[in-house]
Amino acid sequence: MMRALAAGNPEFQRQLWLEFSPARLLGMPAVLALVFAAVGLAGPSALPMVAQAGFVLLVGFYGARLASAALLDEVSEATWDAQRLSSLTPWQLTWGKLFGGTLFAWYGGIICLAVWLVSNAVQGHGLSWSLLVGMVAAGVGLQAVSLIVALAALRRGGLAARRGGAWWIVLLVVFPWFGALPRQVSPGEVLWWGMSFEAPVFYAATAVMFAAWAVLGAQRLMAGALQLPLRPQAWLGFQAWLAVFAAGFWPEGNPVWRVGFALAACATTTAYLSLFIEPPRLDLWQRFAARWRAGGALDAATLERMPLMLASLVLALGGGLVASVLAPDPQAGGIGRALALAGLPLTWALLALRDLALACAIHWGPRARRAESTTLVVLVVLNLVLPWLLHAAGLSALAGLLQPLGAEGGGWLGAGIAALQAAAAVFVARTRWRPAGADGDAATAAGPRGLCDDLRRDARLHRDAHAGHAR
């Protein structure tokens, strides 16, 4: 089986050699055997729960750590640049690091699953295939998200990529997902888009879908790390799927309004998230603008250069406009007035445009080295600290102008106020815009992290590698 998995994938074979040794092959089952033997002697009824907890710790916690380390250790050991110059495809690197780098964790996890299955059968609890599929899918998804965080840290550069300290963010955000897995065995049904599904089966299918999207996201970011075209189709597709998935849980309302509302919320969230996945470097936006001005419109070459932030904002504004126009009557029962308020989804999207335009202005300024920390401070002050201070000082009207989510007179008034703020922020960002090089290609105007310097560094590493082989 291992030969079949490693066939045609040198990265998987390399990870397999690095992760497994005779001592580790014997050590993992020996340690787990001691743990399960002690639990079995102390209280056999607790053995299934302990085996399940062991799977969660090994595959979820340790596996997520290995997934990010498979990439970030390459960066810290200065071998990543040489590796990405090889002929390996993004899928080969993703498969090798995601499944090869975590294979030792899965080795222990499979042992825990075997003990869990056998102990459940011996104690007469039966087998829940949905829970088994959900646990495995959740493990794959968590490890894929950990690799995504590592790739995002590598894309941003800085200390996060060199120290490998970004993976723990995944555990804080996604790891609680495992806590909900035992509840999948509870009876019940889930109503989704008017259709009734058995709860365990629905949760398992959801875990599989999220894991598939996470693996695809890791592959797309790996392609970006190899400086291949990073088209936003997968990014946009995930947001559209997430909106349809979330809208299916609302029991009533116009289906188009439900999808538009969910799309505005999901795309607004991912637009903020894109700040950490793909910081708004000026040279990236210059290349997109140059291609757009050249008459590319929305052809493949233009989409390759479209920033992820811009793609999310387009979806958020479109979904917000549709949801605002089709908003139900606020007096209708079954849904809160705040969610039914016309103009509210569009206000969310416009406030996100305001915040992200300010983030672009900060990143395009003369002190771009500390742009991320400055952006974080500005957004926190603008959205949390300043409104709270205005409310505390009795200036609720000014606070409402700053955050017009509950503007008097209806949501359209709030959307108008947010539109004025967004226009002002876009104007500020426009003042920071600098034209690209004379040839119209922004790569010539990029900074130290620009494309030209990347190509020079790659050529130098390539020459050094050949010189080393010659010696």
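Is Glu74 buried or exposed, judged by its relative accessibility? In this predicted model, Glu74 counts as buried, because its relative accessibility is 6% and the limit for that class is under 20%. The surroundings of this residue offer a suitable point of entry to the charged contacts of the structure.

Side chains of opposite charge can pair when their charged atoms come close. Glu74 takes part in such a contact: its side chain meets that of Arg14 in a salt bridge, with an N to O distance of 2.1 Å. Arg14 belongs to helix α2, whereas Glu74 belongs to helix α4, which spans residues 47-76, so the pair ties together parts that are 60 residues apart in sequence. In contrast to the buried Glu74, Arg14 is partly exposed, with a relative accessible area of 28%.

Arg14 also has a partner within its own helix. The side chains of Glu11 and Arg14 form a salt bridge at 3.3 Å, N to O. Both residues lie in helix α2, which covers residues 10-19, and because they are three residues apart there, about one helical turn separates them. Glu11 is buried, its relative accessible area being 2%. Arg14 thus meets the side chain of Glu11 as well as that of Glu74. The arrangement extends to a further residue, Lys97: Glu11, Arg14, Glu74 and Lys97 are linked in a network of salt bridges.

Elsewhere in the sequence, Arg281 and Asp283 provide another pair. Their side chains meet in a salt bridge, with 2.6 Å from N to O. Asp283 is buried at a relative accessible area of 6%, while Arg281 is partly exposed at 22%. The value for Arg281 places this residue in the partly exposed class because 22% is not under the 20% limit for burial. For the model, the count of salt bridges comes to eight, among them the Arg281 and Asp283 contact.

The account now turns from charged contacts to a nonpolar part of the surface. Leu376, Val377, Val380, Val381, Leu384, Val385, Leu386, Trp388 and Leu389 form a nonpolar patch there, and together they have about 820 Å² of accessible area. One of these residues, Val377, is placed in helix α19, which runs over residues 371-392. Val377 is classed as exposed because its relative accessible area is 52%, and the exposed class begins over 50%.

Methods: Residues numbered from 1 in each chain as written. Predicted model: local features only at pLDDT ≥ 70, side-chain atom pairs only at ≥ 80, totals over all residues. Heavy atoms only, no water. Salt bridge = Lys/Arg side-chain N within 4 Å of Asp/Glu carboxyl O. Helix = DSSP H or I, 4+ residues; strand = E, 2+ residues; numbered from the N terminus. Buried < 20%, exposed > 50% of the residue type's maximum accessible area, 1.4 Å probe, protein only. Patch = residues over 30% accessible without salt bridge, like charges linked within 9 Å, V, L, I, M, F, W, Y side chains within 5 Å. Areas by Shrake-Rupley, 256 points an atom, 1.4 Å probe, with all protein chains shown as cover.
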